[in-house]
Amino acid sequence: MDELLIKQLESMALEIALAAGSLLVNERPVHLSVDTKTSETDVVTAMDKAAEAFIVESIKAERPNDVFLGEEGSVNISPNPSNVQWIVDPIDGTVNYLHRHPIWSVSIGVKVDHITQIGVVHAPLLRETYLAVKGQGAFLINETGKQKISISRNTTLGHTLVATGFSYESEKRKKHSKVISEISDKVRDFRRDGSAAIDLCMVGLGRVDAYFETGLHPWDYTAGALFVQEAGGVTGGLAGEPLNDELAIAANPGVFNEFATLIRDNYQKFYLSLRFK
Ligand code: IPD
């Protein structure tokens, strides 16, 4: 891997995520205009669009041939695309942003030749930034500086604190509630913070032990999944599959197998019918 390229992508991703975070905090209008997407609960704000445009334009100014996958629709428009792809969620946790709840993030993943090399999740109101560089580790950046972190050491399913999130589709929400109800006596407790990117980083940081969700998109999980892996954690989807849009599971290595089996079994039980609709 070209070390200079990785260094350039890392500093661009960090700098642009921080600048987008400032824009989202400082330029939020008093009355935020909001549209809905797939359902009444799936919202997009004028600030999602403004932040994504800012991120894409900032990248293009330095690297005009890179390609994009952005939640608000940015795709490759370069006639001569490079092998670098930026996967951008300008606000992961839009509903929280809309409600002035502090848990939301700017999430930027960077792939080179289809492999995620950099993940940056910046949570402006938590005053924290989570950085992962493939092969180099996972780092927490805050006012005290930059420190390498690692995942929790819990090995007991019953002590496992589980983060999760709900899809915007009502049928999936109902099924997800059933899974949660079914496993509620097997784990310590649940957290639903409202940003999948932050949830994944919380696994990496060891602040929760595991995470699962269905129906995510690459912009929700690309950066956070690398953070989990670089912190020493494990990610996956259905048996034999990587973490993907259908099923996202992440945990520390001490509980991953047991936790993933529990989630996969219940996924089969409550969700699989959806797959064939
Ligand atoms: C959402 C958040 C939420 C998760 C949803 C995602 P968005 O992303 O990550 O926590 O439960 O599945 O879609 O729409 O705020 O970018």
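These exercises cover the ligand site, the pockets and the cavity of one predicted model.

Residues are numbered from 1 along each chain as its sequence is written. In this predicted model local features need pLDDT of at least 70, side-chain atom pairs count only at pLDDT 80 or more, and totals for chains, interfaces and linings use all residues, while side-chain values use heavy atoms, with hydrogens and water left out.

**Exercise 1. Describe the shell around the ligand.**

Step 1. Collect the residues near the ligand (one heavy atom within 4 Å of it). There are 16, and the closest are D92, G93, T94, A196 and E213.

Step 2. Sort the shell by class. Ala, Val, Leu, Ile, Met, Phe, Trp, Tyr, Cys and Pro count as nonpolar, Asp, Glu, Lys and Arg as charged, and the others, Gly among them, as polar. The shell has 5 nonpolar, 5 polar and 6 charged residues.

Step 3. Assign elements. Helices (H or I, at least four residues) and strands (E, at least two) are DSSP runs, numbered from the N terminus. Strand 4 (residues 84-92) gives the largest share of the shell, 3 residues.

**Exercise 2. List polar contacts of the ligand, then state how far the protein buries the ligand.**

Step 1. Apply the cut-off: a polar contact is a pair of N or O atoms within 3.5 Å; within protein, one must be able to donate a hydrogen and the other to accept it, and residues adjacent in sequence count only if both atoms are side-chain atoms.

Step 2. Take the side chains. A polar side-chain atom of D92 is 2.8 Å from a ligand oxygen atom. For D220, a side-chain N or O atom lies 3.3 Å from an oxygen atom of the ligand.

Step 3. Take the backbone. A196 places a backbone N or O atom 2.8 Å from a ligand oxygen atom.

Step 4. Compute the cover (Shrake-Rupley method, 1.4 Å probe; for residues, only the protein chains shown count as cover). Alone, the ligand exposes 380 Å², and the protein buries 96% of that.

**Exercise 3. Characterise the two largest pockets.**

Step 1. Set up the search. On a 1 Å grid over the protein atoms alone, a cavity is a set of points where a 1.4 Å probe fits but cannot get out, and a pocket is an open set with protein on both sides within 12 Å along at least five of seven lines; lining residues have an atom within 4 Å of a point. Grid points are joined across faces, edges and corners, and a volume is the space filled by probe spheres set on the points.

Step 2. Take the largest pocket. Its volume is about 660 Å³. Its lining has 36 residues, with F166, S167, Y168, G215 and D220 nearest the centre. The classes are 11 nonpolar, 11 polar and 14 charged.

Step 3. Place the ligand. The ligand sits in the largest pocket (more than half of its atoms lie within 2 Å of the grid points).

Step 4. Take the second largest pocket. About 240 Å³ of space lies there. Helix 6 (218-230) gives the most to this lining, 6 residues.

**Exercise 4. Find the cavity and its lining.**

Step 1. Search the whole structure. It yields 1 cavity of 30 Å³ or more. The largest cavity has about 40 Å³.

Step 2. Read the lining. Among its residues are H176, F212, L247 and Y271. Helix 7 (256-270) supplies the largest share, 3 residues.

Step 3. Count classes. The lining has 6 nonpolar, 3 polar and no charged residues.
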